[in-house]
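User: Hi! Could you walk me through this protein one step at a time?

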Amino acid sequence: MAHPAVLRDLIDEYEALAAGADKANSAQARQRLDDVTYTLCVSTGTRDIDAALAAARHQSPGGGGPLDDSVLSSS
């Protein structure tokens, strides 16, 4: 598991890139979003971005309040 501060930075970068995805339709912006998505998934041991974001928020400082940990189960 990545350091909580690193996860927070990845979440922030993902959200910024995802929010601007409609506007920044360059190949470079899409590649960076793909890279951050991949890094979040690898860092959290998940396979999709929704689970990665939930896991990263759970581990990061100021994780965002009450969480449903059911998405983090390994079953």
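Here are a few questions and answers on its helices, its core and one tyrosine.

Analyst: Happy to! This is a predicted model, in which local features need pLDDT of at least 70 and side-chain atom pairs count only at pLDDT 80 or more, while totals for chains, interfaces and linings use all residues. Residues are numbered from 1 along each chain as its sequence is written, and side-chain values use heavy atoms, with hydrogens and water left out.

User: What pattern does the protein follow along the sequence?

Analyst: Helices (H or I, at least four residues) and strands (E, at least two) are DSSP runs, numbered from the N terminus. The protein has 3 helices and 0 strands. Read in order, the pattern is α-α-α.

User: Is Y14 buried or exposed?

Analyst: Y14 sits in helix α1. Buried means under 20% relative accessible area, exposed over 50% and partly exposed in between (1.4 Å probe, protein chains only). The relative accessible area of Y14 is 16%, so Y14 is buried.

User: Which helices each supply at least two residues of the largest nonpolar core?

Analyst: A nonpolar core is a set of buried Ala, Val, Leu, Ile, Met, Phe, Trp, Tyr and Cys residues joined through side-chain atoms within 4.5 Å. The largest one has 12 residues, including Y14, L40 and L53. The helices that each supply at least two are α1 (4-19), α2 (27-44) and α3 (49-59).

User: Which residues does L53 touch, not counting those up to four places away in sequence?

Analyst: Contact means heavy atoms within 4.5 Å. Seen from the other side, Y14 has L53 among its contacts beyond four places in sequence. With that same exclusion, L53 touches I11, Y14 and L40.
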